[in-house]
Amino acid sequence: MLLVALYTFLVGIGILWAIFIAKTHRMKKMSLKIPGPKMLPIVGNGLEVGRTTQDFMHYCEMLHKKYPKICRVWLLQHLLVFINNTEDYKTLLTDTNLLDKAYFYKYMQPFFGKGLVTETGAKWLQNRKYIAPNLNVSVYKSNVQIFNKHLHFILNKLSQYVGGQEFDMYPIMLHLTMNVSIAITMGKEPEESATLEAMDVLTSEKDSIVYRIMRPWFEYDFLYWNSKDGRKEAKYVERGWKNMNVIISDKTKDRDEAPNMSPVILKLLQEKKEKNLCTEQYIYEELNTVIVGGSDTTATALAFTAWLLSRHPHIQDRVVQELQQIFGDSNRPATYEDLQQMQYLEMVLKESMRMYPPIPLVARTLTQDYKIGDHVIPAGANLIFFIKGIQNDPRYFPEPDKFDPDRFLPENTKDRDPLSYIPFSYGPRMCVAQKQGMVMLKTGMSGLLRRYKLLPGTTPLSLDYKVNLTSTTGITLLHHPNLEPPTFKFSSYCD
């Protein structure tokens, strides 16, 4: 029996080795002509990448600085080609033949399904064309009203931290954006228990996704899902879909009780189903993508912006002055028209997302050989666009570590390469809700600054990659009521 087990094991190893050789031989040969760090047999550069996602972030930064054009890295059987200049960004990200996401995006599918983030090819393009034109100004205006309602709740919740110890802003902002995303997408008020469950599952699932990314041998599903970590993730996925059923179900509050809400995405997906263009499962997957994905990126941007403003009081004061010009002593909530006047706040948000892009990298996979410059990248390679690297590159942004919103004054942007700033990605796969995201960011940050003065905490950032950009030490700060003259009479809005 022992001999049979040993024989089976050796045969399995032999099959995997044969697959490895067949899959990598041609790519290995072609990739040698692309610059990059020295490789070891079999593992490639796997040992120098490190064991954690923080190590991986540092490695990406090192590669961007050392190889200003292009470089290749091997992680066991995966060829990663880092594109480190804006000229090639434009060529590759705008190519409509390069729409397929890199291999590790499939690790998101158990949780997200095949929505706009993970789907590829003609089906993805069809769905995007169906949804994108319907995200317009009338939708944004109604969504501002929804955001204000939930902002009211979060601003009151923040009062418990006034004058106290430093706190992590990210989970509080995630609570806000998750509630708003559910309300906007579903056209009904979320149940608090469902929101908190979604937040908890999201945090756990992101840990599982990056854990698998950092272990290339777990590309093989039969190895991963039969491992302890795979079984653990399976429970998160089950919880997540069960909770999404609660969120989507009409068993919570009826949509007729919320006539001001505009569930555009839901209506479009239901319309597609009626025309036999999609299934019920696809509707669930797309709604989950919109709710969870939109919440996380917006919360990340709000938290990092608050952190930066707490450490740059003169910039915070300029934002408050702009808000005073718009609202005076009024206690009314912001309107869509108010948001259009917040030009300096928009510059602040852009500069924050330049320094700390919510999604620090995006990636594509090649289905055929591709010539870029002097190099031919083989089919099967994964193209890595390290957005954080390009947006913090002194070639495009002098003194990149300096927080300077004036970089986004019209006179300072007119001659800048547009590909040097792409926090929402670029080209056909650019974020479909980019404008909606800016509406949410302006509404949230303006409400926060009308109510509170942000002060710095003592805990430094420790950046990490958890699908989004995050900090292992939290994004911490302190705050006090904003009593700078003239005093905002904001109490009636927040009570």
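Which residue forms a salt bridge with Asp 221, and how far apart are the closest N and O atoms? The partner is Arg 212, with the closest N and O atoms 2.5 Å apart. This is a predicted model, so local features need pLDDT of at least 70 and side-chain atom pairs count only at pLDDT 80 or more, while totals for chains, interfaces and linings use all residues. Residues are numbered from 1 along each chain as its sequence is written, and side-chain values use heavy atoms, with hydrogens and water left out.

**Figure 1. The whole protein, before zooming in.** The protein has 20 helices and 11 strands; these are DSSP runs numbered from the N terminus, with H or I and at least four residues for a helix, and E and at least two for a strand. Of its 495 residues, 55% are buried. Here "buried" means under 20% relative accessible area, "exposed" means over 50%, and "partly exposed" is in between (1.4 Å probe, protein chains only). About 22,100 Å² is exposed, and carbon and sulfur atoms supply 57% of that. Those areas come from the Shrake-Rupley method with a 1.4 Å probe, and for residues only the protein chains shown count as cover. Take the contacts between residues at least 6 apart in sequence: 76% of them join residues at least 24 apart. A contact means heavy atoms within 4.5 Å.

**Figure 2. Asp 221 and Arg 212 in a salt bridge.** The term covers a side-chain nitrogen of Lys or Arg within 4 Å of a carboxyl oxygen of Asp or Glu. The two ends of this one sit in unlike surroundings: Asp 221 is partly exposed at 41% relative accessible area, whereas Arg 212 is buried at 3%.

**Figure 3. Other salt bridges to look at.** The structure holds 18 of them. Glu 346 pairs with Lys 350, the closest N and O atoms being 3.3 Å apart. These two are 4 residues apart in helix α16 (residues 343-355), so about one helical turn separates them. Glu 346 is partly exposed at 23%, and Lys 350 is also partly exposed, at 25%. Then there's Arg 395 with Asp 393, where the closest N and O atoms are 2.7 Å apart. Arg 395 is partly exposed at 42%, but Asp 393 is buried at 6%. If you'd rather see a network, salt bridges link Glu 197, Asp 200 and Arg 239.

**Figure 4. Aromatic pairs among residues Tyr 103, Phe 104, Tyr 105 and Tyr 107.** A pair of aromatic rings is described by the distance of the centres and the angle of the planes. Rings of Phe, Tyr and Trp (its six-membered ring) pair if their centres lie within 6.5 Å; planes under 30 degrees apart count as stacked, over 60 as edge-to-face and the rest as tilted. By this rule there are 15 aromatic pairs. One of them is Tyr 103 with Tyr 107, edge-to-face at 6.1 Å centre to centre and 85 degrees between the planes. Tyr 103 is buried at 12% relative accessible area, and Tyr 107 is buried at 1%. Phe 104 and Tyr 105 are stacked instead, with 5.2 Å centre to centre and 20 degrees between the planes. Both of those partners count as buried too, Phe 104 at 6% and Tyr 105 at 7%.

**Figure 5. An aromatic cluster and a nonpolar surface patch.** Ring pairs join Tyr 211, Trp 217, Phe 218, Tyr 224 and Trp 225 into a cluster. Trp 217 turns up again in a nonpolar surface patch of about 310 Å², together with Phe 222 and Leu 223. Patches are built from residues with over 30% relative accessible area and no salt bridge, joining like charges within 9 Å and nonpolar side chains (Val, Leu, Ile, Met, Phe, Trp, Tyr) within 5 Å. Leu 223 belongs to helix α10 (residues 221-224) and is partly exposed at 31%.

**Figure 6. Charges over rings.** A charge sits over a ring if NZ of Lys or CZ of Arg is within 6 Å of the ring centre and within 35 degrees of the ring normal. The charged end of Lys 28 sits over the ring of Trp 74, 4.7 Å from its centre. Arg 450 has its charged end over the ring of Phe 327, at 3.6 Å from the centre.

**Figure 7. Met 39 and its contacts.** Met 39 is in the loop between α1 (2-31) and α2 (46-49), partly exposed at 27%. Leaving aside neighbours within four places in sequence, Met 39 touches Leu 32, Gly 44, Asn 45, Arg 72 and Trp 74. Val 73 is 34 residues from Met 39 in sequence, yet the two are 8.0 Å apart in space, C-alpha to C-alpha.
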